[in-house]
Amino acid sequence: MSELDMTDNGSVEQDLRSELEILNGKMEELDALISQTESRGKRSHSAVQPVAHAEGLWPVSSTEDVDKQQLKETISLLKATLNSTTDGILVLNNELRVVIYNTKFVSLWNIPQELDHSDAQRWFNAFTAPLMENSEHFINRIREQLAQTDEATRDILRFTDGRIFESRSHPQKIEGETVGRVWSFRDVTKQRQAQELVEYQATYDPLTDLPNRRLLLDRLNQTLARCRRHERIGALLFLDLDNFKTINDTLGHPIGDALLQQVARRLTECVRREDTAARLGGDEFVLLLAEEDSTIEDYTQHVDMAANKVLAALSQPYEVQGHRLYATTSIGVSLFPQEDETADDVLMQADTAMYRAKEAGRNTLRFFLPSMRKFSEDQLHIQNDLRQALERGELQILWQPKHDFSGNTLGAEALLRWKHPTRGLIMPSEFIPVAEDIGIITSLGNQVLEVSCKLLRKLADEYTEAGPIHLSVNISPQQFQQADFSMQVAHYLKESGANPSRLTLELTENMLVTNLDEVMAKMVDLKRLGVRFSIDDFGTGYSSLAYLKRLPLDEIKIDRSFVNDIIKDPETVSIVEAIITMASKLGLSVVAEGVENSREFDFLRKRGCHCFQGYMLCQPMTDDQFLEFISEGNINTARANSTQSVFEGF
Ligand SMILES: Nc1nc2c(ncn2[C@@H]2O[C@@H]3COP(=O)(O)O[C@H]4[C@@H](O)[C@H](n5cnc6c(=O)[nH]c(N)nc65)O[C@@H]4COP(=O)(O)O[C@H]3[C@H]2O)c(=O)[nH]1
């Protein structure tokens with residue numbers, strides 16, 4: 001690569017002067033000598049001709065009546081001085097012919113002796129072409145510098161073999177008239193590489209080689225300025241991997257790092273050269289799309305397509321050190337400029353939109369809307385409030401019963417609610433992701449486990465006539481990954497005296513596929529205690545027959561979205577039928593969740609579904625309501641408590 005970097009002209013003249021101090025001194029001697037001969041009526045300097053020597057090219061006078069001895073001494077001193085410098089020195093005249101050079105120059109540029117040493121044009125043609133990607137540019141620069149009769153210059157020359165030279169040049173004058181130019185070349189490869197490394201480390205992410213936050217903000221600032229100046233539109237995409245933490249915690253950081261590297265590669269492949277893919281840290285990436293002179297509608301469409309392409313690319317399975325991993329992404333998009341927002345504002349807006357994408361179910365994208373600004377402020381408040389909610393006892397567990405096809409209550413699922421002092425009832429879809437983000441989901445989940453175990457014991461002791469009632473508890477990935485999770489479960493079971501076979505732990509598919517072996521070992525451990533396992537939201541994640549066969553599962557829960565679609569969508573009918581058949585072949589019971597009407601119920605019952613949960617049957621209820629419901633053994637109690645129940649009877 002040939003890169004000319006013209007900077008620092010002012011101070012260079014000073015540097016060059018000092019560097020060539022000795023040389024200049026000798027030149028003055030030579031001038032004085034020449035003047036002597038001139039004063040005798042001879043124009044000796046015009047007779048000085050370049051003659052090639054093994055060590056370089058030196059001016060030799062042909063004038064007979066110059067004091068030859070004195071001239072010889074001066075030349076030998078000049079020669080010694082030039083050859084003692086660590087820089088390659090080259091002097092050209094205005095016609096681009098070589099006047100003088102030293103041995104260092106020859107060795108730096110690998111110039112063989114047999115070449116015509118007086119013809120710089122020929123040198124450069126022969127030697128710069130293979131050394132530099134753009135040698136023509138270099139030769140033009142030499143000509144340009146020769147034309148700059150007064151200025152000192154400094155360039156950085158880059159060679160295809162990786163070497164970097166610093167080239168300084170200074171005009172050569174005789175009696176005020178510029179007759180040529182002196183160049184000094186220094187190999188600065190090591191210094192430049194060290195400097196570039198420092199610069200690189202300050203602006204690039206070492207793991208993925210992508211620009212870091214600093215460089216991104218710098219480019220975003222420039223893009224914002226260009227957009228404002230030329231009335232263009234730009235877009236920033238904020239990406240966050242949905243289940244990276246699970247993978248990182250379960251499989252370890254080396255695998256997490258390798259996954260991030262693959263994500264970075266895919267991102268770079270998805271975008272155009274003029275776009276910027278950056279990593280902010282952790283599993284947060286950003287795409288800065290090049291600005292365009294376009295209408296907001298066209299640009300939005302373009303960004304939407306680009307973001308969907310990224311979602312599709314990043315959701316493909318990853319092969320990392322023998323593990324097949326799945327990672328989806330949530331994307332928030334901010335279009336700019338809107339008002340007088342800064343680069344930080346744009347980043348924050350995209351981040352806010354990303355949270356909305358997560359909230360909307362992950363593996364999706366959302367554009368930032370001004371109304372979301374309030375949402376991000378709310379998020380901050382929610383985080384602070386949730387930290388205190390545990391201590392203040394604001395979290396409550398509701399129980400949603402599950403029934404067999406005759407209406408017998410088989411059990412219930414524990415569902416959290418947050419009774420916020422000013423905002424009222426907050427649903428888990430809103431606060432569970434926050435609890436995961438701020439790291440309190442494990443203690444929250446443990447409380448649900450503890451309460452569930454105590455209730456199991458109470459049901460077994462005091463509600464025997466209701467038959468064996470099972471309780472199901474949702475287990476978050478972070479909670480399951482705790483090294484002492486099995487011990488925690490064992491502790492709550494022992495402390496309460498609950499029957500372990502009545503406790504069902506609900507896991508999600510994505511939790512299972514990240515590291516099958518480790519997950520299986522933990523499940524086997526827990527199975528020894530006697531607990532049951534259920535896969536929640538089955539069909540929405542990465543369902544794989546491999547894990548269904550290998551893991552010690554007891555139950556599959558068909559996701560609500562399938563249940564609600566079976567009436568209107570023939571494809572969903574096939575999926576649900578396949579799930580029930582497969583579960584039956586594997587000896588697993590099937591729970592249909594979110595059953596809202598009798599048509600869904602009838603369809604599922606006829607296909608062999610064992611267990612039903614949904615508003616048609618019962619809404620989630622408080623402890624007291626649930627215990628009353630159990631003691632009456634009558635589903636009609638639940639109907640009476642529920643305004644939304646559409647249950648028509650079994
Ligand atoms: N539209 C409709 N919805 C129905 C119907 N029947 C039940 N549902 C709702 O479906 C969700 C079922 O729970 P999930 O799939 O485990 O999904 C749960 C679970 O993933 C999570 N969650 C709730 N409690 C806990 C908890 O204690 N720990 C953890 N880790 N997650 C929890 O929050 C999710 C949402 O919980 P909920 O809002 O209580 O929502 C519950 C329930 O109220 C119906 O007929 N129609």
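These legends go with several close-up views of a predicted model.

**View 1. The whole chain, before we zoom in.**
Let's start with the full protein, which has 650 residues, 50% of which count as buried. Its secondary structure comes to 25 helices and 23 strands. Now think about who touches whom: among contacts between residues at least 6 apart in sequence, 64% join residues at least 24 apart. Keep that in mind for the later views, where we pick out a few pairs of residues and compare their places along the chain with their distance in space.

**View 2. The largest cavity and the residues around it.**
Rolling a probe the size of a water molecule over the atoms shows where empty space is left. In this structure, a search of the whole model turns up three cavities of 30 Å³ or more. The largest cavity has a volume of about 120 Å³. Which elements give two or more residues to its lining? They are helix 12 (343–359), helix 13 (372–392) and helix 14 (428–437). Helix 14 provides the largest share, with five residues.

**View 3. A closer look at the lining.**
Here you can pick out the lining residues of the largest cavity by name: Tyr355, Lys358, Glu359, Arg362, Phe375, Gln379, Ser429, Glu430, Pro433, Val434 and Asp437. Sort them by type and you get four nonpolar, two polar and five charged residues. Why does the largest cavity lie between domain 2 (213–370) and domain 3 (386–641)? Because both of these domains give residues to its lining.

**View 4. Ile382, tucked into helix 13.**
Ile382 is found in helix 13. Is Ile382 buried or exposed? It is buried, because its relative accessible area is 2%, and the cut-off for buried is under 20%. Leaving aside neighbours within four places in sequence, Ile382 is in contact with Trp418, Arg423, Glu430 and Val434. Two of those names, Glu430 and Val434, should ring a bell from the lining of the largest cavity. Look for His420 as well: Ile382 and His420 are 38 residues apart along the chain, and their C-alpha atoms are separated by 9.7 Å.

**View 5. The largest nonpolar core, with Leu503 in focus.**
The largest nonpolar core has 81 residues, and the ones that touch the most other members are Leu503, Leu604 and Phe626. Helix 15 (residues 441–462) gives the most to this core, with eight residues. Zoom in on Leu503 and, once you skip neighbours within four places in sequence, you'll find it in contact with Leu449, Cys453, Leu456, Leu471, Val473, Val489, Leu493, Val531 and Arg532. There is also a second, separate core, made of 36 residues, and its members include Ile233, Leu251, Tyr299 and Leu365.

**View 6. Ser443 and Leu390.**
Back to helix 15, where Ser443 is found. With 34% relative accessibility, Ser443 counts as partly exposed. Its partner in this view is Leu390: the two are 53 residues apart in sequence and 8.9 Å apart in space, C-alpha to C-alpha.

**View 7. Arg186 and Thr86.**
This time the residue to find is in a strand: Arg186 lies in strand 7 (residues 177–187). How far apart in space are Arg186 and Thr86, C-alpha to C-alpha? They are 7.5 Å apart, with their places 100 residues apart in sequence. Arg186 is partly exposed, with a relative accessible area of 30%.

**View 8. Some backbone oddities.**
Most residues other than glycine have a negative phi, and most peptide bonds are trans. Now for some exceptions. A cis peptide bond joins Phe336 and Pro337, with omega at about -5°. Pro337 sits in the loop between strand 13 (329–336) and helix 12. Next comes Leu96, whose phi is positive, near 70°. Leu96 is in the loop between strand 3 (88–93) and strand 4 (98–101), and it is buried, with a relative accessible area of 7%. Last up is Asp537, which also has a positive phi, near 50°. You'll find Asp537 in strand 20 (residues 532–538), and it is partly exposed, with a relative accessible area of 24%.

Definitions and conventions:
Residues are numbered from 1 along each chain as its sequence is written. This is a predicted model: local features need pLDDT of at least 70, side-chain atom pairs count only at pLDDT 80 or more; totals for chains, interfaces and linings use all residues. Side-chain values use heavy atoms; hydrogens and water are left out. On a 1 Å grid over the protein atoms alone, a cavity is a set of points where a 1.4 Å probe fits but cannot get out, and a pocket is an open set with protein on both sides within 12 Å along at least five of seven lines; lining residues have an atom within 4 Å of a point. Grid points are joined across faces, edges and corners, and a volume is the space filled by probe spheres set on the points. Helices (H or I, at least four residues) and strands (E, at least two) are DSSP runs, numbered from the N terminus. Ala, Val, Leu, Ile, Met, Phe, Trp, Tyr, Cys and Pro count as nonpolar, Asp, Glu, Lys and Arg as charged, and the others, Gly among them, as polar. Domain bounds come from an automatic or database domain assignment. A nonpolar core is a set of buried Ala, Val, Leu, Ile, Met, Phe, Trp, Tyr and Cys residues joined through side-chain atoms within 4.5 Å. Buried means under 20% relative accessible area, exposed over 50%, partly exposed in between (1.4 Å probe, protein chains only). Contact means heavy atoms within 4.5 Å.
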